[in-house]
Amino acid sequence: MNIGLYFGSFNPIHKGHTALAQYLLKHCGLDEVWLMVSPNNPLKEKNTLWNEQLRLRLVQIAIHDISGLRASDFEFHLPRPSYTIDTLKALSKRYPENEFYLIMGSDNMTIFHQWKDYEKILSDYKIIVYPREGDDIESLTKKYPQMQVVSGAPLFPVSSTMIRQRLKEGKDISEYVDEPVNLALSEVGEIADF
């Protein structure tokens, strides 16, 4: 099977994440997209992350009825910090029957050279890139011609950071997250440490 690996903090998951995952599933020849919840990203601030089990649970809630999408805690069981190359190698070893495609935003193309063993990722795995607003896709594609940039992917003016801020301010987030996620977040309240 062709498996798209959509890594992210999903801190929290929002409609942009789920819409993009469904789009890539439909348009990139993938059999499934696994939403790989990262326990911590070496290039991100750890103290802004919600509890990993909460983030995983919210991903499960958001995609529970979407065929072809799967929530994964695979990185929770690997040494930390989580490096993409180590996860890719471990997945390939565990599931040799699958071909894995790394999914990432074009913003990651600008810092891709900072990733651990990025040359190995380029040589051994296929990479699907979705454009992010403001990125110079043309020059990035020249730098990494082996990456497949997807055109027509939906862009949403929403971020997890914005959602966390709105929650902190007691503002409504229902237009940005799926209803089951909104309900779950209203139930966890202070546990999420907004």
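In strand S6, Gln148 is the bridge partner of Ile128. The model described here is predicted. The points below cover strand S5, its two neighbouring pairings, and the surroundings of Ser106.

**Strand S5 and its pairings**
- Strand S5 spans residues 126-130, and four of its five residues are buried, so that S5 is mostly covered under the cut-off of 20% relative accessible area.
- Strand S4, residues 99-105, runs parallel to S5 and is joined to S5 by five bridges.
- Within the S4 pairing, Ile103 stands opposite Ile128 of S5.
- Strand S6, residues 148-149, also pairs with S5 in the parallel sense, here over two bridges.
- Ile128 therefore has a partner in each of two strands under the DSSP pairing rule: Ile103 and, in S6, Gln148.

**The β-α-β unit**
- S5, helix H6 and S6 form a β-α-β unit, and the unit is right-handed.
- Helix H6 of this unit covers residues 137-143.

**Ser106**
- Ser106 lies in helix H4, which comprises residues 106-109.
- Ser106 counts as buried because its relative accessibility is 0%, and the cut-off for buried is under 20%.
- The Ser106 side chain comes to 2.7 Å from the backbone nitrogen of Arg132.
- Arg132 is also one of the residues that Ser106 touches, residues up to four places away in sequence being left out.
- Other residues touched by Ser106 include Val129, Tyr130, Pro131 and Asp135.
- Ile137 and Leu140 are also among the residues touched by Ser106.

Methods
Residues are numbered from 1 along each chain as its sequence is written. This is a predicted model: local features need pLDDT of at least 70, side-chain atom pairs count only at pLDDT 80 or more; totals for chains, interfaces and linings use all residues. Side-chain values use heavy atoms; hydrogens and water are left out. Buried means under 20% relative accessible area, exposed over 50%, partly exposed in between (1.4 Å probe, protein chains only). A crossover is right-handed if, with the strands pointing away from the viewer, the path from the first strand over the helix to the second runs clockwise. A polar contact is a pair of N or O atoms within 3.5 Å; within protein, one must be able to donate a hydrogen and the other to accept it, and residues adjacent in sequence count only if both atoms are side-chain atoms. Contact means heavy atoms within 4.5 Å.
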